[in-house]
Amino acid sequence: MGHLSATPAGLNPPGERPEGGVPGQKSHRWVWIVALTAVIAVGFWYFRGSRTSTEAQGPGGAGGAGKGQGRQGGGAGGFVVPVVVATAQRGDLPVYFNGLGTVTAFNTVTVRSRVDGQITKINFQEGQFVHQGQDLVDIDSRPFQVQLEQAEGQLAKDQAQLRDVQVNYERFQLLYKEGVIPKQQVDTQGAQVGQFEGSIKGDQGAIDSAKLQIVYSHVTAPISGRIGLRLVDVGNIVHATDSNGLLVITQLQPIAVIFSLPQDQLPQVASRLQKGEQLVVDAYDRDDTTKIESGKLLTIDNQVETTTGTYKLKAVFNNDKNLLFANQFVNVHLLADVKKNLVIVPAPAIQRGPQGAYVYVVQNGNTVKIQTITIAQSAADKVGLSAGVNPGDSVVVDGQDKLQDGSKISPNPSTAPGANANGTQQPSSQQGNTQNGAAARRRTQAPQANNSTGKGQ
């Protein structure tokens, strides 16, 4: 018992260090924890107060009006949205019916030989344009020349005999009147005269036949047109019964196009055609971008195709530049009507919502207003309006996704062809406008991102 330490439990004797520690370490740790907590609390309070002050300035505050409001702040906070605008114009909008057609030659002739013989000369080149009556192929005509000489010799012989029997016939008639010879002998002599007259007609026919064979030995063009690839060469023996011809001629001027349209469009086209009106037809290439030739509607087929619900039409083209070829596929635009006195705007300006079609019209002070419209006629790149927009109004054609009613804008005139009513907008131009609008939207969104970052700081 006398050896027991009088030091209280949990305390070390005076002058001895606590096991495994440093004097006052736990107290210092608690001091740092309390200080760090105080710093965090002060920082949180300061950040909360700054945010509340910034939001209080909001739309009506000085200096930062409308900044950082994103898409919804465009209309109320003075945020300027760059857009592309175009001017509405009053004019006429054509109405086209479009279909796919095939170029068809008015006449296609396979030229064949009408006589038998050897080809001695070819007077054309492949792909050459020839005129009607032009000499194309020469066939050896010497056999027909010999036949002609033989027929002429036989004709001369029969003519001499005819003169002899005619003189005898006259003598027999005088003798019969004097009662010297009987009537039968006179009639027999008259029959001989008729026989030789028939022989002379036969000889004349043989002569004409030989001459015709000589003419046929020179093959000429039956129509005007373009020659295709030749099918024979010099030295070939040809026959009138050959299945293959010598060459093929296709008439290109004028030329026809047969195309189809839906049967719902038949009454409008047929009524104008029955009135004697000439409907303009344009032929475009396969991409439907380049016009090849303009012509006029010739006629309509007499029945509708039940399998497709379409009807066929035939148009004629002068084809002065020989740009249309037989069996060529083309896109056909038939001018069915022209809508008069409409307000024309570019097609990209039209927006659609629950209340119908509308546009953004530029107001004074570079603000926009949502204006409902009535569409009278739509075309590929233009739209004709009967109500809602006046001529001379500027409408937004690109950048509408950031606009509201009353939004402030920075208008830029459209440079794309067809942006106004007088042009025709091409797909490349539309793509360019889309790229410009996307770049403008990226430039608009950049300051908003910076403002958001600034607030976080």
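The largest nonpolar core of this predicted model has 30 residues. Within this core, the residues with the most contacts are Leu136, Val137, Leu246, Leu247 and Ile249. Five elements each give two or more residues to the core: β4 (117-122), β6 (135-139), α2, α3 and β10 (247-250). Strands and helices therefore both contribute, with β4, β6 and β10 on one hand and α2 and α3 on the other. A second, separate core comprises 25 residues. Val257, Val281, Phe317 and Ala336 are among its members.

Ile249 illustrates the contacts made by a residue of the first core. Leaving out residues up to four places away in sequence, Ile249 touches Asn107, Thr108, Val109 and Val111, among others. Its further contacts include Val130 and Leu136. Also touched by Ile249 are Ala221, Pro222, Ile223, Gly225, Arg226 and Ile227. Of these partners, Leu136 is itself listed with Ile249 among the residues with the most contacts inside the core.

The two helices that feed the largest core also pack against each other. Helix α2 spans residues 142-177, and helix α3 spans residues 183-216. Their axes lie 8 Å apart, at an angle of about 165°. An angle over 145 degrees counts as roughly antiparallel, so α2 and α3 are roughly antiparallel to each other. The crossing of the two helices is left-handed. By class, the contact of α2 with α3 has 17 nonpolar, 15 polar and 6 charged residues.

At the level of the whole chain, the secondary structure comes to 5 helices and 22 strands. The chain has 457 residues, of which 33% count as buried. Contacts that span long stretches of sequence are frequent: among those between residues at least 6 apart, 76% join residues at least 24 apart. One pair that is distant in sequence is Thr241 and Arg114. These residues are 127 positions apart along the chain, yet their C-alpha atoms are 8.1 Å apart in space. Thr241 sits in the loop between β9 (237-238) and β10. With a relative accessible area of 75%, Thr241 is exposed.

Several backbone features stand out. Most residues other than glycine have a negative phi, and most peptide bonds are trans. The bond that joins Gln253 and Pro254 is cis, with omega at about -5°. Pro254 belongs to the loop between β10 and β11 (255-262). Asn327 has a positive phi of about 70°, although it is not a glycine. Asn341 also has a positive phi, near 55°. The settings of these asparagines are as follows. Asn327 is placed in the loop between β14 (310-317) and β15 (329-346), whereas Asn341 lies in strand β15. Asn327 is exposed, at a relative accessible area of 61%.

The loop between β14 and β15 also holds Asn319. Asn319 has a relative accessibility of 0% and therefore counts as buried. Neighbours within four places in sequence aside, Asn319 is in contact with Leu252, Gln253, Ile255, Glu293 and Leu324. One of these partners, Gln253, is joined to Pro254 by the cis peptide bond. The loop between β14 and β15 thus holds both a buried residue, Asn319, and an exposed one, Asn327.

Key: Residues numbered from 1 in each chain as written. Predicted model: local features only at pLDDT ≥ 70, side-chain atom pairs only at ≥ 80, totals over all residues. Heavy atoms only, no water. Axes fitted to C-alpha atoms, helices over the stretch in contact; angles between N-to-C directions. Helix = DSSP H or I, 4+ residues; strand = E, 2+ residues; numbered from the N terminus. Parallel < 35°, antiparallel > 145°, perpendicular 65-115°, else oblique. Left-handed = near helix turned anticlockwise from the far one by under 90°. Nonpolar A, V, L, I, M, F, W, Y, C, P; charged D, E, K, R; others polar. Core = buried A, V, L, I, M, F, W, Y, C linked by side-chain atoms within 4.5 Å. Buried < 20%, exposed > 50% of the residue type's maximum accessible area, 1.4 Å probe, protein only. Contact = heavy atoms within 4.5 Å.
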